[in-house]
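The following exercises are to be worked with the sequence and the 3D structure at hand. Each task is followed by a solution in steps.

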Amino acid sequence: MFLGTHTPKLDEKGRLILPAKFRDELAAGLVITRFQERCLAIWPIATFVEVAQSVRGTSSSQQVRDYQRMLASGASDETPDKQGRITIPPHLRTYASLEKDCVVVGAINRVEVWDATAWEQYAEAKESAFSDLDEGVFPGA
């Protein structure tokens, strides 16, 4: 499970050092792809396969096809190096507006990578509504 907030920086080659607490789960390989709110999602390979299979098994509606295309077309499989670094491809850095300062967020089954300013704005906007979100996430709570 991925938890916490970390603030690594991208190096000049577009590499990101994964937080140490995430490295073991991602060491065998990962998939990085665009995600909602213009951030990137990093999935352990096995988790990404599960996500892809669940999307593949749904209807073939236009909405599902659009989601499949957007998820898969931006995806890149990576293996962290010995220092725990991964290279974020240029098209994904552009998508998420990543330049140097990043925020890496544990999001239970995935890791998200945000531009630091975008994360700050997102977190500030959502913090005030956080207590109201539990009704939609946990009906009957």
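**Exercise 1: A salt bridge within a helix**

Arginine 69 has a relative accessible area of 48% and is therefore partly exposed. The model is a predicted one.

Task: Determine which side chain meets that of arginine 69 in a salt bridge, and where the two residues lie.

Solution.
1. The partner is aspartate 66, with an N to O distance of 3.6 Å.
2. A salt bridge requires the side-chain nitrogen to be within 4 Å of the carboxyl oxygen, and the distance of 3.6 Å between arginine 69 and aspartate 66 meets this cut-off.
3. Both residues belong to helix α3 (residues 62-73), where a spacing of three residues corresponds to about one turn of the helix.
4. Aspartate 66 has a relative accessible area of 35%, so this residue is partly exposed as well.

**Exercise 2: Burial in two further salt bridges**

Task: The structure holds five salt bridges. For the bridge of arginine 15 with aspartate 11 and that of arginine 110 with glutamate 112, classify each residue as buried or partly exposed.

Solution.
1. The cut-off needed is that buried means under 20% relative accessible area.
2. In the first bridge, the closest N and O atoms of arginine 15 and aspartate 11 are 2.7 Å apart.
3. Arginine 15 has a relative accessible area of 18% and is therefore buried, whereas aspartate 11, at 21%, counts as partly exposed.
4. In the second bridge, arginine 110 and glutamate 112 meet at 2.9 Å, N to O.
5. Arginine 110 is buried at 18% relative accessibility, and glutamate 112 is buried at 8%.

**Exercise 3: The surroundings of strand β3**

Task: Describe how strand β3 (residues 30-34) is covered, and identify the strands with which β3 pairs.

Solution.
1. Strand β3 is mostly covered, as five of its five residues are buried.
2. One pairing partner is strand β4 (residues 40-44), joined to β3 in the antiparallel sense over five bridges.
3. The two strands, β3 and β4, form a hairpin with five residues between them. Glutamate 37, in the turn, has a positive phi of about 60 degrees.
4. Strand β5 (residues 76-78) also pairs with β3 in the antiparallel sense, over three bridges.
5. Valine 31 illustrates both pairings: tryptophan 43 stands opposite this residue in β4, and aspartate 77 is its bridge partner in β5.
6. At the residue arginine 34, the charged end sits over the ring of tyrosine 95, 5.9 Å from the ring centre.

**Exercise 4: Aromatic contacts**

Task: State how many aromatic pairs are counted, and characterise the pair of phenylalanine 2 and phenylalanine 22.

Solution.
1. The count comes to five aromatic pairs.
2. Phenylalanine 2 and phenylalanine 22 form an edge-to-face pair, with 5.2 Å from centre to centre and 90 degrees between the planes.
3. This pair links distant parts of the chain, 20 residues apart: phenylalanine 2 is in the segment before β1, and phenylalanine 22 is in helix α1 (residues 20-26).
4. Phenylalanine 2 and phenylalanine 22 are both buried.
5. Trp114, Trp119 and Tyr122 form one aromatic cluster.

**Exercise 5: A nonpolar surface patch**

Task: Identify the residues that form a nonpolar patch on the surface with Leu3, and state how accessible leucine 3 is.

Solution.
1. Met1 and Ile108 join Leu3 in the patch, and together the residues have about 330 Å² of accessible area.
2. Leucine 3 lies in the segment before β1 (5-6).
3. Its relative accessibility is 42%, so leucine 3 counts as partly exposed.

Definitions and conventions. Residues are numbered from 1 along each chain as its sequence is written. This is a predicted model: local features need pLDDT of at least 70, side-chain atom pairs count only at pLDDT 80 or more; totals for chains, interfaces and linings use all residues. Side-chain values use heavy atoms; hydrogens and water are left out. Patches are made of residues with over 30% relative accessible area and no salt bridge: like charges are joined within 9 Å, nonpolar side chains (Val, Leu, Ile, Met, Phe, Trp, Tyr) within 5 Å. Accessible areas come from the Shrake-Rupley method with a 1.4 Å probe; for residues, only the protein chains shown count as cover. Helices (H or I, at least four residues) and strands (E, at least two) are DSSP runs, numbered from the N terminus. Buried means under 20% relative accessible area, exposed over 50%, partly exposed in between (1.4 Å probe, protein chains only). Rings of Phe, Tyr and Trp (its six-membered ring) pair if their centres lie within 6.5 Å; planes under 30 degrees apart count as stacked, over 60 as edge-to-face and the rest as tilted. A charge sits over a ring if NZ of Lys or CZ of Arg is within 6 Å of the ring centre and within 35 degrees of the ring normal. Two strands pair if DSSP finds at least two bridges between them.
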